[in-house]
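Trainee: I would like to learn how to read a protein model one feature at a time. Could we go through one together?

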Amino acid sequence: MLAAKDASALGRLFSAGRTPRALAALDGHPRGRMLAVRGLDHGPVAGALRALAGGAAFPWGGKSFASAGGAEGTGVNRVRLGGRHALFPFRTRLGASVIDGAPAVVLDYDLPDNPAVIRAIHDEVRLVDEGLWLGPAMLKTARGPRLVLWFALDALRPDAPVGHAGRDGRSGRGAS
């Protein structure tokens, strides 16, 4: 079970993961879960964070992806804050991971519609089991991206869409 693993174990699993040949492998609305926060992945704080992340009250529900069959795609985060929202659009592409240099799906939040703090996020994902994607969420710093936390996306248990980013990365209207 991914939720019980610490940051180090998740890093090893990510390094052993696979990257699809095409971004279409991620198309859809996989359910998301925060797994481990770097530096807070042991002890009572880790247990409390795991319980919060696994509960219905946790605001992040996952991500929605659309590749349009090309080498690049778009996506958006599904967030539950006083309703269901599509927030913080991103672009996707295949590229080298900053974790280990091997291929990964890179999520680029550096879009004009995102606030500065969101534009500084760098996410990546790899397939670690059928329909199960694992990724580091990192913060871009002057010294390069710094790991903040690990998250998972479960495409076998998709969630309903809330809207989706278009080709320009802007969030579209969707069902609430």
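Trainee: Which residue in E8 is the bridge partner of Gly32?

Mentor: Keep in mind that this is a predicted model. The bridge partner of Gly32 in E8 is Leu153. That bridge belongs to a wider pairing, since E1 and E8 are joined by six bridges and run antiparallel.

Trainee: How many bridges join E7 to E8?

Mentor: There are 10 bridges between E7 and E8, and the two strands run antiparallel. One of the pairings sets Ala137 opposite its bridge partner in E8, Leu149. The chain passes from E7 to E8 by a hairpin of two residues.

Trainee: Next, the interior. Which residues touch the most other members of the largest nonpolar core?

Mentor: The general idea is that nonpolar side chains tend to be buried together in soluble globular proteins. Here the largest nonpolar core has 20 residues, and those touching the most other members are Val105, Leu107, Val125, Trp133, Phe151 and Leu153. Strands E1 (31-37), E2 (60-66), E5, E6, E7 (132-141) and E8 (144-154) each give two or more residues to this core. E8 gives the most, with three residues. There is also a second, separate core of 14 residues, with Leu10, Leu35, Ala104 and Leu134 among them.

Trainee: Now the rings. What distance and angle describe the pair formed by Phe90 and Tyr109?

Mentor: Two values describe a pair of aromatic rings: the distance of the centres and the angle of the planes. The model has four aromatic pairs. In the pair of Phe90 and Tyr109 the centres are 5.2 Å apart and the planes are at 55°, and the pair is tilted. The label tilted follows because planes under 30 degrees apart would count as stacked and those over 60 as edge-to-face.

Trainee: Where in the chain do Phe90 and Tyr109 lie?

Mentor: Phe90 is in strand E4 (residues 84-96), while Tyr109 is in the loop between strand E5 (103-108) and helix H3 (116-119). They are 19 residues apart, and the pair links distant parts of the chain. Together with Phe65 they form one aromatic cluster.

Trainee: Are Phe90 and Tyr109 buried or exposed?

Mentor: The cut-off for buried is under 20% relative accessible area. Phe90 has 0%, so Phe90 is buried. Tyr109 has 2%, so Tyr109 is buried as well. Compare Phe88, which is found in strand E4. Phe88 has 29% relative accessibility, so Phe88 counts as partly exposed. Its backbone has a point to note too: phi of Phe88 is near 60°, a positive value in a residue other than glycine.

Trainee: Which charged end sits over the ring of Phe14?

Mentor: That of Arg126, 4.2 Å from the centre of the ring. A second case involves Phe151: the charged end of Lys63 sits over its ring, 5.2 Å from the centre.

Trainee: Last, a polar residue. Which side chain makes a polar contact with that of His122?

Mentor: The side chain of Glu124, at 2.8 Å. His122 lies in strand E6 (residues 121-129). Its relative accessible area is 10%, so His122 is buried.

Trainee: Which residues are in contact with His122, leaving aside its neighbours within four places in sequence?

Mentor: They are Val98, Val106, Leu107, Pro136, Ala137, Met138 and Lys140. You have met two of these names before: Leu107 in the largest nonpolar core, and Ala137 as the bridge partner of Leu149.

Methods. Residues are numbered from 1 along each chain as its sequence is written. This is a predicted model: local features need pLDDT of at least 70, side-chain atom pairs count only at pLDDT 80 or more; totals for chains, interfaces and linings use all residues. Side-chain values use heavy atoms; hydrogens and water are left out. Rings of Phe, Tyr and Trp (its six-membered ring) pair if their centres lie within 6.5 Å; planes under 30 degrees apart count as stacked, over 60 as edge-to-face and the rest as tilted. Helices (H or I, at least four residues) and strands (E, at least two) are DSSP runs, numbered from the N terminus. Buried means under 20% relative accessible area, exposed over 50%, partly exposed in between (1.4 Å probe, protein chains only). A charge sits over a ring if NZ of Lys or CZ of Arg is within 6 Å of the ring centre and within 35 degrees of the ring normal. A polar contact is a pair of N or O atoms within 3.5 Å; within protein, one must be able to donate a hydrogen and the other to accept it, and residues adjacent in sequence count only if both atoms are side-chain atoms. Contact means heavy atoms within 4.5 Å. A nonpolar core is a set of buried Ala, Val, Leu, Ile, Met, Phe, Trp, Tyr and Cys residues joined through side-chain atoms within 4.5 Å. Two strands pair if DSSP finds at least two bridges between them.
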